[in-house]
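Notebook open, model loaded. I want to know how this chain is put together, starting with the overall figures and ending at the strands.

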Amino acid sequence: MLIARTRESQRERELDQQVQDEEQEQRDDQRLLCAACGQLVTRREHEIARNGSHQHTFTNPHGLVFNIGCFGEASGCVQTGEATYEWTWFDGFKWRVALCGHCHTHLGWGYRSNAGDGFYGLILERITAPS
Ligand SMILES: [Zn+2]
């Protein structure tokens, strides 16, 4: 009887541990995915502030409005095109177009200064948390 009860509480402890592990995983799930294809783009822990803010709203020369967030890295992106200062939204930073590395949806821009400092400005409606 005593042994049976001990086994039971052992089992309960294991179940508790499983629940805790799952909760931990959800807390740790900082992934941000390409909204088009689900590829991992970056993680919330890479969110950074530029010019005093993580989020920025910019209008491009064609009048399109973009709500972007700044990220220190975005390993799921590939950059394309020539780096240029033209119309840059961040003084001192050249930009290139950043695409999803999997489906090539336009996700935002990669920025780099001449000093080699780099970050990404990603269009927030095109990246999404796992559902
Ligand atoms: Zn994609």
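Burial came first. This is a predicted model, and I found that buried residues make up 20% of the 131 residues in the protein chain.

Next I looked up the overall dimensions. The C-alpha trace spans about 80 × 30 × 25 Å along its principal axes. I get a radius of gyration of 21 Å for the protein chain, while a compact globule of 131 residues would come out near 14 Å.

Then contacts. Taking those with a separation of 6 or more, I see that 48% are between residues 24 or more positions apart.

On to secondary structure. I count one helix and nine strands in the protein chain. Reading from the N terminus, the helix leads and the strands follow, as α-β-β-β-β-β-β-β-β-β.

How are six of the strands ordered in the open sheet? I traced them as S3-S4-S8-S7-S6-S5, with antiparallel pairing. Strand S3 (55-59) and strand S5 (77-84) are the edges, and each of them pairs on one side only. I also checked the twist: neighbouring strands of this sheet are turned by 30° against each other on average, direction ignored.

Last, I zoomed in on the S5 edge. S5 pairs with strand S6 (residues 93-100) over five bridges, in the antiparallel sense. I wanted one residue pair to go with that, and picked Val78: its bridge partner in S6 is Leu99.

Notes
Residues are numbered from 1 along each chain as its sequence is written. This is a predicted model: local features need pLDDT of at least 70, side-chain atom pairs count only at pLDDT 80 or more; totals for chains, interfaces and linings use all residues. Helices (H or I, at least four residues) and strands (E, at least two) are DSSP runs, numbered from the N terminus. The radius of gyration is taken over C-alpha atoms; the globule rule is 2.2 Å times the number of residues to the power 0.38. A residue is buried if 20 or more other C-beta atoms lie within 10 Å of its own, exposed if 12 or fewer, and partly exposed in between; C-beta atoms are placed from the backbone. Two residues are in contact if their C-beta atoms, placed from the backbone, lie within 7 Å. Two strands pair if DSSP finds at least two bridges between them. Axes are lines fitted to C-alpha atoms, for helices over the stretch in contact, and angles run from 0 to 180 degrees between N-to-C directions.
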